[in-house]
Structure formats: C-alpha cells, structure tokens
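Colleague: Please pick out one part of this model for a close look, then work outward from there. Give the cut-offs as you go.

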Amino acid sequence: MSEENLKRTKEWKKIVDSIGEKSANVLSDVIEEAMSQPPRIAVIGKAGVGKTTTINNLFSADWIVGDIDTGTKYSQEASFEILSGGRLCVVDLPGLGEDLEQDEINKKMYREILPDVDVILYIMQANARDLEEDQLILRDIVLPLLSSDQKRLVVGLNKVDQIGPGGWIQAANYPSREQEKSIRIRTKDISEKLSKITHISPDQIVYFSATKAYRLNQLGEALVIAANDLGWKLPIRPKSSFDDASRLIKTVVNALFPWTKTTR
Ligand SMILES: Nc1nc2c(ncn2[C@@H]2O[C@H](COP(=O)(O)OP(=O)(O)OP(=O)(O)O)[C@@H](O)[C@H]2O)c(=O)[nH]1
Ligand SMILES: [Mg+2]
C-alpha cells in the first residue's frame, strides 16, 4: 500500500488520534523503509549438499553448481521475485567440511554474514548416514549466531530422491509409495536427532529434493513463514508448480498416483 493510500485509511486516523500526526509520520517512514528492503536469507551447510541447486530451482536462478568439485567459492547474493508477490534477497555461501584451511575462511564469512540476515536456511543431505558434522556445525556455529531467535532457522533435508528402499518414479516425478515411506522414516529420524541440539519446531524442518523440484513449495513456504515472523514483508505464500498444471493433467496424475494428492 502506498503512503498516500495508507493515510486515507481509518486505521491511519486512529494512529494519528492516539499518537499525534508527527509520530505517526515517523512511524510510517520507518515502516516504508523496512518494507523497501526485502527479507534476506542465507543458505549454508556442508560442501556439496545442494545449496546452490536449491536456490536455482526455487528461484529460477542460474548459479554454478559443483558436480565434481567445489561449486561455490565466494558468497553470492541476488534478489528474486517470488511467485506469490514480494521479493526475497538470497545469499549463497560456500560449503563447510571440504578443506581445513578453507573452512576457517568460510566460518569467518559465516560469522560475518549470518548475524545480518533475517533467515538462515541450513541444508543437509537426508540420504547421508553421518549426521555428526551437521550437528556440530548447527550447535557450534549456527545456534550461537541465532541466540534466542531460533525461528530464524529453517533446516532443509535435501536429496530425498536418493533414499531407499524404493525408487523414484520418473513418469510422475514423484517417489514410489515404498520410497515415500522410507523418506518419512529417515527424515523423522533426522528431525529427532536434530531436535536434541536445536529447539526448532518440526515445521522448521523440511525434506525435499532440489533436482526433482519435490516439495520445494513446502521449503519456500517455511522460508516465507520464517521471514514473515521477523520481516512481515511478504504478502502471501509461494505456490506449487503443480498449481499451474492443467485440470486434465492434475486429474490424471492424481488418479495414477493417489498418495501424492495430500503432499503436492
Ligand atoms: N540426487 C540429487 N542430487 C542433487 C540434489 N541437489 C543437488 N544435487 C547434486 O549435488 C551436487 C552438488 O550440488 P551444489 O548445488 O553445487 O551443492 P552446494 O551445496 O552448493 O556445493 P558447494 O557450493 O560446493 O558447497 C550436484 O551434482 C547436484 O546436481 C538432489 O536433490 N538430488
Ligand atoms: Mg554452492
């Protein structure tokens, strides 16, 4: 809403009556300035977990991905329009755990950048067995930077398409029933282990696959909710790419793969 329109509302009159016109104008300037700066999200995690791929597929970006070695060497930042309206500023950071010397540089970068962002998206691999390093990074680096503000954290459990038993159904671009069951069991186990070291709610932990664009909608939604909690700057939630499919395609997909209905 423009400042001009705001000043025509009943609410504006109420504010002026209660705090006076001068204070109300200061308040409106502060709100306008805050609204003009989109919420900032930093994406962090161990090397190669899919941080850049997630940003590329969530926001239609085109940043370099590391298929065989380090993908992101320096921090990169851009602002993206989100489907439902509003903008988000995203900072992609290099991953940890690849090289001792480089880790020190990257940890310093994390400590400099993370206190200034609204939301931290910590990505880890749901298909990996070893959680210890992620737990240590969360406990020793991320949580101290969040202090009491753990609502600023979203944990993304990526690469669920690689979890078995069960496999990915290419035609439906969806996990088979068996794989979906494995995904639920595995991600529940990870969430329980994470909740021992963080006090974040289950809604802040989202499993997904960046390359398959599976549950990216849920991830986007968790980010918007986390940003709104602090920034209240985004109008509504992101929508799913499935929302854009034709009625016929939706009917066919829902008939063939009925279990996908509730989670799309
Ligand atoms: N199977 C599968 N592979 C994925 C997924 N997401 C990312 N990858 C692959 O993981 C590799 C690393 O992806 P990146 O996006 O570069 O990972 P990153 O965390 O940004 O890596 P660094 O910047 O080097 O820390 C690439 O080969 C991606 O294609 C996923 O959901 N499923
Ligand atoms: Mg990267």
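Modeller: The magnesium ion (ligand 2) is held by two side-chain oxygens, OG1 of Thr-52 and OG1 of Thr-72, at 2.0 to 2.1 Å. Thr-52 belongs to helix α4, whereas Thr-72 sits in the loop between α4 and β2 (76–81), so the pair ties together parts that are 20 residues apart in sequence. Donors here are N, O and S atoms within 2.8 Å of the metal (3.2 Å for Na, K and Ca), and since water is not among the atoms, sites may look incomplete. Helices are DSSP runs of H or I with at least four residues, strands are runs of E with at least two, and both are numbered from the N terminus.

This is a predicted model, in which local features need pLDDT of at least 70 and side-chain atom pairs count only at pLDDT 80 or more, while totals for chains, interfaces and linings use all residues. Residues are numbered from 1 along each chain as its sequence is written, chains are lettered from A and ligands numbered from 1 in the order in which they are written, and side-chain values use heavy atoms, with hydrogens and water left out.

Both coordinating residues are covered by protein. Thr-52 counts as buried because its relative accessibility is 7%, and Thr-72 is buried as well, with a relative accessible area of 8%. Buried means under 20% relative accessible area, exposed over 50%, and partly exposed in between (1.4 Å probe, protein chains only).

Thr-53, also in helix α4, is buried at 16% relative accessibility. Leaving out residues up to four places away in sequence, Thr-53 touches Val-65, Ala-210 and Thr-211, where contact means heavy atoms within 4.5 Å. From the C-alpha atom of Thr-53 to that of Gly-71 the separation is 9.8 Å, although these positions lie 18 residues apart along the chain.

The loop between α4 and β2 also contains Ser-60. The phi angle of Ser-60 is positive, near 50 degrees, in a residue other than glycine. Ser-60 counts as exposed, at 70% relative accessibility, whereas Thr-72 in that loop is buried.

Helix α4 also borders an internal space. One cavity of 30 Å³ or more turns up in a search of the whole structure. A cavity is a set of points on a 1 Å grid over the protein atoms alone where a 1.4 Å probe fits but cannot get out, and its lining residues have an atom within 4 Å of a point. The largest cavity holds about 50 Å³ of space, a volume being the space filled by probe spheres set on the points, which are joined across faces, edges and corners. Its lining consists of Ile-41, Val-43, Thr-54, Ile-55, Leu-58, Phe-59, Val-90, Leu-121 and Leu-223. Two elements, β1 (40–45) and α4 (51–59), give two or more residues each to this lining. The largest share, four residues, comes from α4.

Further out come the nonpolar cores, each a set of buried Ala, Val, Leu, Ile, Met, Phe, Trp, Tyr and Cys residues joined through side-chain atoms within 4.5 Å. The largest has 36 residues, and those with the most contacts inside it are Leu-93, Tyr-122, Val-142, Leu-153 and Val-155. Among the elements that give two or more residues to this core are β1, α5 (100–113), β4 (119–125), α6 (132–146) and β5 (153–158). Helix α6 gives the most, six residues. A second, separate core of 25 residues includes Ile-55, Phe-59, Trp-63 and Ile-82. Ile-55 and Phe-59 of this second core are also in the lining of the largest cavity.

Leu-153 touches Ile-120, Tyr-122, Leu-138, Val-142, Leu-143, Leu-146, Ile-200 and Gln-204, not counting residues up to four places away in sequence. Leu-143 is also in contact with Thr-198, as is Gln-150, with neighbours of Thr-198 within four places left aside. Thr-198 lies in the loop between α7 and β8 and is buried, at 2% relative accessibility.

The loop between β5 and β6 (168–169) holds Pro-165, which is joined to Gly-164 by a cis peptide bond with omega about 0 degrees. Lys-159 lies in that loop and has a positive phi, near 65 degrees. It is partly exposed, at 25% relative accessibility.

Helix α2 (residues 10–19) is hardly covered, with one buried residue among its 10. Over the chain, which has nine helices and eight strands, buried residues make up 43% of the 264 residues.

Note on methods. On a 1 Å grid over the protein atoms alone, a cavity is a set of points where a 1.4 Å probe fits but cannot get out, and a pocket is an open set with protein on both sides within 12 Å along at least five of seven lines; lining residues have an atom within 4 Å of a point.
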